[in-house]
Every structure is written in C-alpha cells, then in structure tokens.
Amino acid sequence: MSNGDDETAASNGESTDEEPADEPVDTEEETEATDGETDDAAPDSADEADVTSPDTAEDESDEQADADGETGDEEGEAEDAADEGDADEETEGEAEDEQTDEETDEQSEGETEEADTDDGSEDEDEGEGEDADEAEAEESGSTADDLNARLDQAESDLESAETEADLDAIDRDLDETESDLEAADLPEPDEDEEAEDPRADLEDRISEIRGDVEAERGPYAEDVVDLVENAQTTVEESEWTDAGEGEAHAAVVTFLDDSEEYIDHDADAGDDLDAAADALGTVADAVESADLDADEDSETIEGLLEAAETLEENLEAAEVWSDLTVQEQLDYKGFYDVLNNENRKDFPAEWNAAKIHAAEGNVELVVFALEKVGSEFMEEYIIDIFQNLGRDAEPAFDVMHQRAQKREKGPIKVLGKIGDDRATETLHDFIDGDGDAALQKVTLRSLGAIGSPESVQPVADQLDADNSEIRSSAARSLGLLGDTRAIDPLSDVLESDEHDEVRASAAWALRQIGTDEAFDEAAKYADDRAYLVQAEAEKATGY
C-alpha cells in the first residue's frame, strides 16, 4: 500500500504541476493497460500449475496471491486515480467555465476596443483626407495663402515696373493666378453675411491689381489721337457765340504751336473755325503715322498729350450758346431790337417781338425763338403765327415737320399751310388716327391743302370710315386735291351716305374738282330733300 500511496502522491504531484486536462486521461489508459496485462498473465499461470510440483505450485500460489494483492492495489490505485481524475475534470470544467467567462469578457472588451478603434480609424481617415486635400492644394499652389502670396508679389512687381513689357508680365501672372483660383478647392463661406469668403476676396484683389496695371500703362499715341479728333468734332459741331468762335480758334492755334515741338506737321488754323478743324485733323494723322512707341517715345507722347489736354480745356472754356440764358441768347441774336418804348409795353416782350419779326419776314428769328423759349403759351402763339403766314412760313418747315412726327396737331396744320410735298409721307401714317378723330381730321385737311396726287387713294379710303365727321373731312380733302379719280367715289357718297353733312361735303368736293363731269354729278341733286345738299348742288347748275 505504501507503494500505491507513493504512486498516488506522485500522481497528485503531477496533477499539480501539469495541466489538469491531461492527467485523468493518462491515468485511465495506464489502468486499462495494467488490467489487460493481469488478465493476460492469469492463463499462463494456470497452465504452468498443471506441470509443476506441489511445492512449486504452492510457491506459485503464494506468488499468485502476492500478484493478486498487487493487482488489487493497482486496481485501487486506478480507482483512486479515476476518482481524482473525475475531481480534476470537475475542477478543469470549472476552470474552463471561468476561462470562458474571462474570454467572453475579453471578447466584449475586444469588441468595444475594436469599435473605438473603428471610430478612431474613421476620424483618422477624415483627418488624413483633409491633410491629403491640403497637401494636394499646397502642391498645386491653390491655397488661399499661396494665392495671396502670389498677388503680394504681383503688387511688388507693379511698384518696380518700368516698361510695357513689365506690365505685360504682371498681366500674365495675374492670368495664371486667376486660372488657379478657378480650379482651387477653397472653403465656402457660411450663410452668415459677415462670414469670410476667401474666393471673393481673391477675385477682388485680382480685379483691383488689374486696374492698377492699366492705370500704369501708357500714355499711348492713340490717346493723343483720340483727344485731338474729339477736339476737331467739338470745333465743328458746337454752337459758338461770336466771342466763343474767337476763343475756340485761339485754342487751336495754341495747340498747333505746342504740338509742333514734338512732331512735324504743316497744319494751319487759317482764319475761321472750318480751317481750324481741318488743321486738327492734320495733326491727328501725323501723330498716328509717326508710329510712336510707348516706351521709347514716352517723352514725345507725354508732351503731345499735355498739349492736347490743354486744347480740350480751352475749348471747354470757350463760349457756346448753351452757356447763355434764353434771354441772353435772344438778345445776342437781336431778337429784342425791334422793340421800342411804344411796343415794349406788351407782355411778355417775346410775344410782341415774335409778331413784329413775322410781319417783317424775319421768320428764321421767330423759329430761333420757338426753339429757345420753354413756355407752352409762347410755343402755341408762334405756331399760330406760322399758320397765318401760310406758305411764307416755309423757313419753319424743318422744325414743324419734326414736331409733326410726334403727332402734334398744330405743326400738322402748319405743314398743310406751307404745302410742301415732303410732308406727305409722314402725314399718310396719321390718316387712320389710331382712335384719335381730331388727329384724323387735321391730317386729312392738311393733305388736301398740300395737294399731292399720292394722297388721293389714302384719303378716298376714309369715305368708308364709321365716323361721319371723318367721312365728311375725307370728301372735302378730295375736293382740295382736285383729282378727277375722286369723281366716282364722291358721286357714290352723294347718292347713298345716310348723313346729309357728308353728302353736302361730297357735292362741295365735286364743285372743287371743277370738270364738266364733276359739275353734272353735283347738279343732279339741286332739288334734293336736304337743304345742305341742295344748296351745294345748285351752285353747280350755273356752270
């Protein structure tokens, strides 16, 4: 038993030193092996007992007994070991359960750490993405700081620029910067109105620097040519007073002398403004053909430009009509010279002066007064004067024709009185009146008074107008035109129009045409039921 106890103790010691899961399995296998050996040995002993002597058998019996005892001990030891194995297995199971719990906790902790790691990875990825964008932007030179630095350099280059080539280089740099700005991925401003907008700020800087570059350019020969040509137009088209003409001529002479110091020309201002204007054109051509370079000929260009600017200032200072008041302009033209102590009492003075000038045939001066006075009363009064003058108001045709195009009835009447065929086309556009019957009637009367054959058909078309007054005016207009083509349409009106006033106008028109056929058509209605028609028709019977 002591040996068995030692073996058991050893087994226990081994269980302590080695992993619990291995020990029970080894003990069962050893026990089964021992039992197998014992079973196999027993038959051999029995066989041997049959052939040995009694003593030998007895000895063998004792040996067998000892062997059985040992076998029993071994079986006990195996049972003890099996019990210990069961205990160890139970302990091992508990350990495994604890280990599983620990692994579960570790797994949970691992999952938590993994989730945290994922979140961190996402943040890290985002950070890396932003860093990559910034890095890419920096590599392409398209960050706001880099673009601003390039604009700082452009401003510095502008301060030191001396030639057109230097300015051209700055412009090219600005073009490249602007292109990079368009491609740059700059942060967008917040919705807050006061939020910074780096893109807009950069665009403003580029625009401002471009303006500074343009301001530094020149002057060019083209600038001189433009100023001189503008001065030429001013001399030719301005309404100079007598004093202003002298001042303008003197300004041109001064410019010719000054400009000759910088460029050769043979310009001569002559004695009047026409010659002075031609001289300015000569200088402009000379400057343009000289092919002056902005860098190499800068002093020459600056001298010519200064002379041209002085010319511009002197012409601006010369007196023109618009510098004077209306009364000063009229007085300058001698409009008030016809007034004396006896007729000056009429008010306003312009009213009486216009009447006197019209009577004396000074129509141009009356037209000048019409264009200068701002009084509606005076305008109506002068237009009435022109109507009374009739064909003698011919000098007023252009002014009246211009006003008639605005459908002003007074000027249309004057055109009829003047009787100029040039007004016919304009008045034809007003025959329909666009709903304005008064405009139609005055237009028809004026067309009749002018007497152009081109007006016969347009006027005859109005014999079918809905308004009886328009039909009557059209009939009388045809009578004034006196064209025989109007006899038939007028005869139809005399026969069938439902308004006696219109029929009477048709009879009157036939008499104005004055041919035998026209008289005969009118005379047919000498006994008409309507007195108006009868009166006009009777006048036709005596012919």
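Contact here means heavy atoms within 4.5 Å, and helices are DSSP runs of H or I with at least four residues, while strands are runs of E with at least two, numbered from the N terminus. The model is a predicted one, in which local features need pLDDT of at least 70 and side-chain atom pairs count only at pLDDT 80 or more, whereas totals for chains, interfaces and linings use all residues. Residues are numbered from 1 along each chain as its sequence is written, and side-chain values use heavy atoms, with hydrogens and water left out.

**Exercise 1. Describe the overall make-up of the chain.**

Begin with the secondary structure: the chain has 24 helices and 0 strands. Next take burial, where buried means under 20% relative accessible area, exposed over 50%, and partly exposed in between, with a 1.4 Å probe and protein chains only; of the 543 residues, 36% are buried. Finally, turn to the contacts between residues at least 6 apart in sequence, of which 62% join residues at least 24 apart.

**Exercise 2. Determine which residues of helix α24 are buried, how they are arranged, and what covers them.**

In α24, which spans residues 531–541, the buried residues are Val533, Glu536, Ala537 and Ala540. Viewed down the axis of α24, these buried residues fall within an arc of 100 degrees, so they line one face of the helix; the arc is that of the directions from the helix axis to the C-beta atoms. An α-helix has 3.6 residues a turn, so residues three or four places apart point the same way. The cover over the buried residues of α24 includes α21 (487–496), α22 (500–513) and α23 (516–523).

**Exercise 3. Characterise the nonpolar cores and the surroundings of Phe335.**

A nonpolar core is a set of buried Ala, Val, Leu, Ile, Met, Phe, Trp, Tyr and Cys residues joined through side-chain atoms within 4.5 Å. The largest such core has 74 residues, and those that touch the most other members are Phe335, Ile382, Phe386, Met400, Leu478 and Leu490. Helix α22 gives the most to this core, with 8 residues. Apart from it lies another core, of 35 residues, including Val235, Val252, Leu304 and Ala318. Phe335 itself is buried, with a relative accessible area of 0%, and, leaving aside neighbours within four places in sequence, Phe335 contacts Leu330, Glu350, Ala353, Ala354, His357, Leu365 and Ala369.

**Exercise 4. Classify two aromatic pairs by their geometry and burial.**

Rings of Phe, Tyr and Trp (its six-membered ring) pair if their centres lie within 6.5 Å; planes under 30 degrees apart count as stacked, over 60 as edge-to-face and the rest as tilted. The structure holds 5 aromatic pairs. Phe335 and Tyr336 form an edge-to-face pair, at 5.6 Å centre to centre with 80 degrees between the planes, and Tyr336 counts as buried at 14% relative accessibility. For Phe377 and Tyr381, the ring centres are 6.5 Å apart and the planes are at 20 degrees, so the pair is stacked. These two residues, Phe377 and Tyr381, are 4 residues apart in helix α14 (residues 376–389) and are thus separated by about one helical turn. Phe377 is partly exposed, with a relative accessible area of 47%, whereas Tyr381 is buried, with a relative accessible area of 16%.

**Exercise 5. Locate Ser455 and assess its burial and contacts.**

Ser455 lies in the loop between α18 (437–450) and α19 (456–460). At 1% relative accessibility, Ser455 counts as buried. Not counting residues up to four places away in sequence, Ser455 touches Thr424, His428, Leu447 and Leu481.
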